[in-house]
Amino acid sequence: MNNIDAWVWWLVGAAGLGIPLVVTAMPEFGMFAVGAVVAAIVAGFGVVVQVLTFVVVSVALIAVVRPIAARHGKQRPELATGVDALKGKQAVVLERVDGSGGRIKLAGEIWTARALDTDRAYEVGEQVDVVDIEGATAVVM
């Protein structure tokens, strides 16, 4: 074991940190792995320099990359898809819609629907707005 150079141990550590990165999808492990690779590059300068390099690079990456990733994670997608794209659309009542149910034509398809206000009823031919989608039922007003 004494024959193995320090840079090899750092690369083994980087590979070891890459495994939980893939398994857990936590980017922090990737940042620690990059720190280990950089420490392997400076392996000829002594143990203290290697450890300091590992710590500084890892902490710097976490301090810089993590806030950027968090900001991007909170942004809503610009293009709504699936049921999110149907919210706010207008539909036409095909069968009377009230608090217990009915049918509408939404985006060219026939959907079951119910009124948001249970005391309100919409008659055939009326235009309604889709407020929400609950399973396969559109909630309208």
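This talk walks through the helices and then the strands of one chain, whose structure is a predicted model.

Let me begin with the whole chain, so that we have a map before we turn to the parts. The secondary structure comes to four helices and five strands, and if you follow the chain from the N terminus, the elements run α-α-α-α-β-β-β-β-β. As for overall dimensions, the C-alpha trace spans about 85 × 25 × 25 Å along its principal axes. The radius of gyration of the chain is 28 Å, whereas a compact globule of 141 residues would have one near 14 Å.

Now to the helices. Two packed helices are described by the angle between their axes and the distance between the axes. Please keep both quantities in mind for the next two pairs.

The first pair to look at is helix H1, residues 6–24, with helix H2, residues 27–41; their axes come within 8 Å and cross at roughly 170°. How do H1 and H2 run relative to each other, roughly parallel or roughly antiparallel? Angles over 145 degrees count as roughly antiparallel, and H1 and H2 are therefore roughly antiparallel to each other. On the H1 side, the residues that meet H2 include Trp7, Trp10, Leu11 and Leu17, and on the H2 side those that meet H1 include Phe29, Phe32, Ala36 and Val37. Sorted by class, this contact of H1 with H2 has 15 nonpolar residues, four polar residues and no charged ones.

The second pair is H2 with helix H3, which covers residues 47–74; here too the axes come within 8 Å, and they cross at roughly 145°. The crossing of H2 and H3 is right-handed. Among the residues that make this contact are Glu28, Met31, Phe32 and Val38 of H2, together with Phe54, Val57, Leu61 and Arg66 of H3. What classes do the residues of the contact of H2 with H3 divide into? There are 11 nonpolar, four polar and two charged residues in the contact of H2 with H3.

Let us move on to the strands. Strands of a sheet pair through backbone hydrogen bonds, either parallel or antiparallel. In this model, five strands close into a barrel in the order S1-S2-S3-S5-S4, and the pairing is mixed. From one strand to the next, the twist averages 50°. I will go round the barrel one pair at a time.

Strand S1, residues 90–98, and strand S2, residues 101–106, run antiparallel and are joined by four bridges. Within this pairing, Glu95 stands opposite Arg103 in S2, and the two strands form a hairpin with two residues between them.

S2 then pairs with strand S3, residues 109–115, again over four bridges and in the antiparallel sense. You can find Arg103 once more here, standing opposite Thr112 in S3, while Lys105 has Ile110 as its bridge partner and Leu106 has Glu109. S2 and S3 also form a hairpin with two residues between them, and in the turn Ala107 has a positive phi of about 55°.

Which way do S3 and strand S5 run, parallel or antiparallel? S3 and S5, the latter being residues 137–140, run parallel and are joined by four bridges. One of the partners to look for is Val139 in S5, which is bridged to Arg114.

S5 is in turn joined by four bridges to S4, and these two run antiparallel, with Val130 and Val140 as bridge partners. S4 and S5 form a hairpin with two residues between them, where Gly135 in the turn has a positive phi of about 65°.

That leaves the pairing of S1 with strand S4, residues 127–134, which is antiparallel and runs over three bridges. Here Ala91 stands opposite Val128 in S4, and with this pair we have come back to S1, in keeping with the barrel order S1-S2-S3-S5-S4.

Technical notes
Residues numbered from 1 in each chain as written. Predicted model: local features only at pLDDT ≥ 70, side-chain atom pairs only at ≥ 80, totals over all residues. Heavy atoms only, no water. Axes fitted to C-alpha atoms, helices over the stretch in contact; angles between N-to-C directions. Parallel < 35°, antiparallel > 145°, perpendicular 65-115°, else oblique. Contact = heavy atoms within 4.5 Å. Nonpolar A, V, L, I, M, F, W, Y, C, P; charged D, E, K, R; others polar. Left-handed = near helix turned anticlockwise from the far one by under 90°. Pairing = 2+ DSSP bridges. Rg over C-alpha atoms; globule rule 2.2 N^0.38 Å.
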